[in-house]
Each structure stands twice: as C-alpha cells, then as structure tokens.
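Visitor: Before we begin, I would like to ask how the terms used for this model are justified, taking each value against its definition.

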Amino acid sequence: MKLNPQQAPLYGDSVITVQLTEEDKVEDDVVFYLVFTGSTVQHCTSTRKINPGSLETISPGHDCCETVKVALCASREGHPVLVVAEESFQFVQDEAYDAAQFLATCAGNQQALNFTRFLDRSRPPAADVDFLDEKVALAFRHLKLPAEWNVLGADQSLTENVPRETLMHFAVRLGLLRLTWFLLQQPGGRGALSIHNNEGATPVSLALERGYQKLHQLLTEEGAREPDSWSTLSHTVHSGDYSVKHHRGLDVYLLTAEA
C-alpha cells in the first residue's frame with residue numbers, strides 16, 4: 001500500500017488516501033481498516049472504498065510528534081483478520097497547532113492579543129481565512145487545556161467594565177466562524193461577548209460592523225446551532241482510556257486507546 005500524504009498534523013482530521021497494490025487487493029466482501037501504533041497510543045480507523053484500488057480514511061489525532069507504524073488490515077466474516085501491508089506514518093506539529101498553543105497561552109495577555117491585530121491589516125483572502133479557521137479550531141480542540149483555562153485569561157478579578165482585547169475579539173475580527181463557535185463553548189466564552197476593547201467595540205459589534213452575518217447570528221441568537229462547516233468534522237466520545245470519533249463528512253470511525 002501507499003499512503004498519501006505520509007504525514008498529518010497532531011490534531012488529525014485530514015484525509016488520507018490508501019493506494020492498494022496488486023498484492024493488497026482481496027475479495028470484494030472484505031472490509032479494510034488501518035491500525036496506527038505509536039509509543040503510547042494506538043488508533044484503529046475504518047475506511048471508505050473509492051474504487052477497487054483506493055481507500056479513504058481520516059487521520060486520527062495523536063498525542064506527540066513521532067513516526068508510527070501503520071498496518072492495513074483486512075476483515076472478512078468467518079475468517080481471521082489479516083495484516084495485508086505495513087507502512088510508516090508521521091505525526092507533526094504544524095503552524096496551526098503552534099498558533100492554537102500561542103493563543104491559548106495568551107488568553108489574558110493584552111500585549112500579545114494586541115500584537116495579533118496586525119493580521120487584520122493584512123486581510124488574508126477568504127479562502128485562506130476559511131483554511132486558517134478550520135485548522136486552528138481543530139488544533140484548539142485537540143489541545144489539553146488546563147481545567148482552569150478561561151477565554152478571558154487567568155485573572156478573573158477583572159470586571160466586564162474593564163476595556164480589553166479578548167480571544168473572542170481576535171476570532172470575530174478575522175471572521176473565524178469555527179473558532180468562535182469553539183470559544184463560545186469554553187469557560188468565559190459567553191462573558192467575552194459583552195466586553196469592550198479600547199476602541200469601544202465588543203465582539204458582537206465587530207461582527208455587525210464587518211458584515212459577518214453568520215457570525216453575528218451565531219453570537220446573538222439564543223440557542224444558535226453549530227455552523228454547518230463545523231458539523232462535517234469529527235464528533236468524539238470519550239470513555240476512560242478510550243475515545244471513539246465519527247467523521248461525519250466521510251462517515252469514517254476512529255477508535256483510540258491509550259496504552
């Protein structure tokens with residue numbers, strides 16, 4: 001088999017294509033799945049058949065940067081599971097993961113949050129914003145945030161009347177719909193909506209001023225649902241040392257087990 005690509009970011013959720021060789025191909029009623037074996041974590045992913053020679057799956061989220069062994073397994077009712085092929089695969093920390101770590105660390109750091117405003121002046125194209133939104137939101141969701149982490153930072157003695165920049169201002173200013181939805185679900189997310197920055201703008205007024213209708217609706221509608229763009233990504237259920245992830249876009253399942 002040949003994996004394309006041969007690496008994925010730590011937060012996962014990227015499409016992997018599996019090209020089967022002639023030696024890999026078996027009967028039509030066989031179900032293929034991939035087993036990723038790392039140093040402390042193992043993942044098992046189902047696959048979706050594209051054509052007789054190609055499969056598709058989703059990369060799991062991994063716990064560290066390393067090269068892991070991937071086994072292509074074939075399952076057929078009434079027969080033992082076969083390991084058809086093996087390959088190496090690498091998990092890496094990309095720019096989106098670095099950005100999510102930086103933002104999470106700087107949740108209450110005014111100097112750092114004001115520094116991020118230079119991105120607003122460069123106004124990246126809509127396609128780049130959408131890509132940035134998806135990747136940073138996925139990376140943020142994958143971070144193991146401390147139990148006391150808050151969108152407004154560690155200093156909870158500040159009142160809502162104190163003008164300051166927040167992570168919510170950052171996400172709304174760039175029109176990051178997925179990241180805004182994620183932050184809304186975190187401690188301090190709703191409270192950030194009414195905080196004014198030094199220019200007197202709240203995240204809600206910023207969304208209105210910039211014409212981000214979907215974003216403004218997300219921030220102001222009671223019981224607003226998650227964005228469609230977010231709902232196509234993976235939904236995860238945790239249970240002890242195990243987690244099951246369903247990628248709704250490809251209808252692929254991933255099981256992760258900690259050693």
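Visitor: What makes the pair R173 and E165 a salt bridge?

Guide: The closest N and O atoms of R173 and E165 are 2.7 Å apart, and the rule asks for a side-chain nitrogen of Lys or Arg within 4 Å of a carboxyl oxygen of Asp or Glu, so the pair is called a salt bridge. This is a predicted model, in which local features need pLDDT of at least 70 and side-chain atom pairs count only at pLDDT 80 or more, while totals for chains, interfaces and linings use all residues. Residues are numbered from 1 along each chain as its sequence is written, and side-chain values use heavy atoms, with hydrogens and water left out.

Visitor: Why is R178 called buried, and why is D130 called partly exposed?

Guide: Buried means under 20% relative accessible area, exposed means over 50%, and partly exposed lies in between, with a 1.4 Å probe and protein chains only. R178 has 5% relative accessibility and therefore counts as buried, whereas D130, at 41%, is partly exposed. These two residues form a salt bridge, with their closest N and O atoms 3.2 Å apart, and the pair links D130 in helix α4 (residues 126-142) to R178 in helix α6, 48 residues apart.

Visitor: How do you know that α6 is mostly covered?

Guide: Helices are DSSP runs (H or I, at least four residues), numbered from the N terminus, and eight of the eight residues of α6 are buried, among them W181, F182 and L183.

Visitor: What makes a set of residues a nonpolar core, and which residues have the most contacts inside the largest one?

Guide: Such a core is a set of buried Ala, Val, Leu, Ile, Met, Phe, Trp, Tyr and Cys residues joined through side-chain atoms within 4.5 Å. The largest has 59 residues, and F89, F140, L167 and L183 have the most contacts inside it. Helix α6 (residues 177-184) gives the most to this core, with six residues.

Visitor: How many salt bridges does the rule find across the interface of domain 1 and domain 2?

Guide: The count there is zero. The bounds, domain 1 (2-93 + 233-258) and domain 2 (95-226), come from an automatic or database domain assignment. The area buried between them is about 990 Å², of which carbon and sulfur atoms give 55%; buried area is the accessible area (1.4 Å probe) that two parts lose on being put together, summed over both.

How values were computed: Helix = DSSP H or I, 4+ residues; strand = E, 2+ residues; numbered from the N terminus.
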